[in-house]
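Subject: Handing over a structure, with notes

Dear colleague,

I am passing on the structure below, together with some notes on what turned up when I went through it. Please open it alongside this email, since the notes follow it closely.

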Amino acid sequence: VILSTNKYGWQNKVPQEFVPPETSKAIGKELLNAFKELVSPLLNSDSFPNVQHQHIQLWGAGLPSAVLEHADAVFDPVVRAGVCADWCVAPCIEGAMLSGQRLADIISAHSL
């Protein structure tokens, strides 16, 4: 997963129901190249793995107005379903990542 800044999302916003293929391709290439440039000094070789799947979502309006209290993620062990989101922790990308990590921990604990 490669996440852009909110500003980048707004600068490249198109209707979410239909991201034009040429926009998807251009944005995907731009973000992947920026990621490669960022991590290439950490790699032991010049090769970079091929992309297996790509989905572009330009979500410039993603800012929840409320945050769930007292739970970083929600998991129902009976139906084995869970929810993680930025609105579970904090209205930002970090909040979404922390919520996802918490849900992974919960699922892992129930899988033992």
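The notes below begin with the chain as a whole and then turn to single residues.

Please keep in mind throughout that this is a predicted model, and that every value quoted here was computed from it.

**The chain as a whole**

The chain holds 4 helices and 2 strands, and, read from the N terminus on, these elements follow one another in the order α-α-β-β-α-α, with the two strands placed between one pair of helices and another. The C-alpha trace spans about 45 × 35 × 25 Å along its principal axes. The radius of gyration of the chain is 17 Å, whereas a compact globule of 112 residues would have one near 13 Å. Buried residues make up 21% of the 112 residues. Of the contacts with a separation of 6 or more, 48% are accounted for by residues 24 or more positions apart.

As for the surface, the chain exposes about 8,700 Å², and carbon and sulfur atoms supply 58% of that area. There are 7 positive and 11 negative side chains, and the centres of these two sets lie 8 Å apart.

**The loop before the first strand, and its partners**

Two residues deserve attention in the loop between helix H2 (21-39) and strand S1 (74-76), and one of them is His70. This residue has a positive phi of about 70° although it is not a glycine, and that is worth a second look because most residues other than glycine have a negative phi. With a relative accessible area of 83%, His70 is exposed.

The other is Asp72, which is also found in the loop between H2 and S1, but which is partly exposed, with a relative accessible area of 41%. Once its neighbours within four places in sequence are left aside, Asp72 is in contact with Cys88, Val89, Ser99 and Arg102. Two C-alpha distances from Asp72 can be added to this picture: Leu103, 31 residues apart from it along the chain, is separated from it by 7.7 Å, and Gly100, 28 residues apart from it, by 8.5 Å.

**The loop between the strands**

A second positive phi, of about 55°, belongs to Arg80, which is likewise not a glycine. Arg80 is found in the loop between S1 and strand S2 (81-83), and at 71% relative accessibility it counts as exposed.

**Helix H4**

Gly100, mentioned above, lies in helix H4, which covers residues 93-111; it is partly exposed, with a relative accessible area of 23%, a value that stays above the 20% under which a residue would count as buried.

Ile93 is found in helix H4 as well, and at 40% relative accessibility it counts as partly exposed. Not counting residues up to four places away in sequence, Ile93 touches Leu3 and Ser4. Its C-alpha atom is 20 Å from that of Phe75, although the two residues are 18 residues apart in sequence.

Met97 also has its place in helix H4, and it counts as partly exposed at 49% relative accessibility. The C-alpha atoms of Met97 and Ala85, which are 12 residues apart along the chain, are separated by 7.9 Å.

**The cysteines**

How many disulfides does the structure hold? It holds 0 disulfides. Cys84 is in no disulfide, and the nearest cysteine sulfur to its own, that of Cys88, is 7.2 Å away. Why is Cys92 without a bond to Cys88? The closest cysteine sulfur to that of Cys92 is the one in Cys88, but it is 12 Å away and therefore too far for a bond, given that a disulfide requires the two sulfur atoms to be within 2.5 Å. Both ends of this description are partly exposed, Cys84 with a relative accessible area of 37% and Cys92 with one of 33%.

With kind regards

Notes. Residues are numbered from 1 along each chain as its sequence is written. This is a predicted model: local features need pLDDT of at least 70, side-chain atom pairs count only at pLDDT 80 or more; totals for chains, interfaces and linings use all residues. Side-chain values use heavy atoms; hydrogens and water are left out. The radius of gyration is taken over C-alpha atoms; the globule rule is 2.2 Å times the number of residues to the power 0.38. Buried means under 20% relative accessible area, exposed over 50%, partly exposed in between (1.4 Å probe, protein chains only). Contact means heavy atoms within 4.5 Å. Accessible areas come from the Shrake-Rupley method with a 1.4 Å probe; for residues, only the protein chains shown count as cover. Lys and Arg count as positive and Asp and Glu as negative; His and the chain ends are not counted. The place of a charge is taken as NZ of Lys, CZ of Arg, CG of Asp or CD of Glu.
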